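Got your viewer open and a selection box ready? Let's walk through this one stop by stop.

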Amino acid sequence: LYGRDGARSMLVGARYELDHAAPRGSSLAIAMTVNDTTHLARLRVLDYVRIAPTVRMSPFRGGSQDVVMSLLDYQRLLSTAMAGDERFASLEDVPLRRLVLRLRANVTEKQVQQVRQLLVGGVSRAGGGIHIGSLADELEPIDTVNTIMAYFFNITTVVAMAVAFFSLVSSMYANVREQTKEIGILRAVGLGKARLYRVYMYEAFTLVFASSITGMLVGMAVGYTMVLQQVLFTQRPLRFHFDGYLLLAVFLSSVLGALVASAGPVRYVLGRNVVAIMRLAD
């Protein structure tokens, strides 16, 4: 808007591209009402915007939407609409309802507070009446909710893994009892106890980790579709976040659960000699 091609231009919502079938670079008329009198002005469409911070822009119909133009063009429109009125003769006379300041990405919290204190001091010297807020203040309740939800999902994961562990112990016990004859034959041909331990530990780990990954993939798919739905409904740039620490916790708990769940039933069988194991099968 302040570049070479931005003079007498504006940014409008993407819905108007469909309503007016006006390509980028064409002119659209906007109406400005001043003192109960409507004034029309034509500005060139610099671009159509689907979503933008602090302004209302959307590709969907419903409700009014904002138009973004430079202060120079806005001051020119005010001067034209209020011809003979010297109140808007310069940019310093243009009324501002809200001013958004974007700081550098590498600023520290201390520097942000210093800027805020300077703004508060300038406003108080000018007579006050202006509210100064920051995005961090508005995001603080959301951060609190995110923390609570993170604890909730971590606890849910622990409970789910605990239930899966007891189910695995029962399954491994029944599996080992059904395969007692095969275990006896393997012991008779010289297979060591350590290798049998590893076989059933690998089996238990495969069951737990595969089911956990399957459930995680299903949850990711559902979560991703819900994020897309929220983006569509709220028109906000929401991002899908996957917690890598949760995957690490599931992997470690799967290894530990497989080791513990397979150790008990296998030890119960391998604690006997080959003849006793074959008799246990009967």
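Start with the second largest pocket, whose lining residues split into 12 nonpolar, 5 polar and no charged. Keep in mind as you click around that this is a predicted model.

To find that pocket, select Thr-157, Val-158, Met-161, Ala-249 and Ser-253, which sit closest to its centre among the 17 residues that line it. The volume here is about 230 Å³. Now show the helices: H4 (135-178) and H7 (244-270) each give at least two residues to the lining. If you wonder how such a space gets picked up, rolling a probe the size of a water molecule over the atoms shows where empty space is left.

Next stop, the strands. Select residues 9-13, which are strand S1, and residues 37-49, which are strand S3. Do they run parallel or antiparallel? They run parallel, joined by 5 bridges. For a spot to zoom in on, pick Leu-11 and look across to Asp-47 in S3, which stands opposite.

Now add strand S2, residues 27-34. This strand pairs with S3 too, but in the antiparallel sense, over 8 bridges. Click Ser-27 and then Arg-44 in S3: they are bridge partners. Then move to the hairpin of S2 and S3, where 2 residues lie between the strands. Select Asn-35 in that hairpin and check the backbone, as its phi is positive, near 55°.

Go back to Asp-47 and show side chains. Which residue forms a salt bridge with Asp-47? It's Arg-24, and the closest N and O atoms of the pair are 2.5 Å apart. The two come from distant parts of the chain, 23 residues apart: Asp-47 is in strand S3, while Arg-24 is in the loop between helix H1 (15-20) and S2. Side chains of opposite charge can pair when their charged atoms come close. The model has 3 salt bridges by count.

Last stop: switch on the surface. Select Tyr-2, Leu-71, Leu-72, Leu-91, Leu-96, Leu-99, Leu-101, Leu-103, Val-115 and Leu-119, and you'll have a nonpolar surface patch of about 950 Å². Colour helix H2 (71-81) and helix H3 (109-125) while you're there, since each supplies at least two residues of the patch. Leu-72, for one, is in helix H2.

Methods. Residues numbered from 1 in each chain as written. Predicted model: local features only at pLDDT ≥ 70, side-chain atom pairs only at ≥ 80, totals over all residues. Heavy atoms only, no water. Patch = residues over 30% accessible without salt bridge, like charges linked within 9 Å, V, L, I, M, F, W, Y side chains within 5 Å. Areas by Shrake-Rupley, 256 points an atom, 1.4 Å probe, with all protein chains shown as cover. Salt bridge = Lys/Arg side-chain N within 4 Å of Asp/Glu carboxyl O. Helix = DSSP H or I, 4+ residues; strand = E, 2+ residues; numbered from the N terminus. 1 Å grid on protein atoms, 1.4 Å probe; cavity = no way out; pocket = protein on both sides within 12 Å on 5 of 7 lines; lining within 4 Å. Points joined across faces, edges and corners; volume = space filled by probe spheres on them. Nonpolar A, V, L, I, M, F, W, Y, C, P; charged D, E, K, R; others polar. Pairing = 2+ DSSP bridges.
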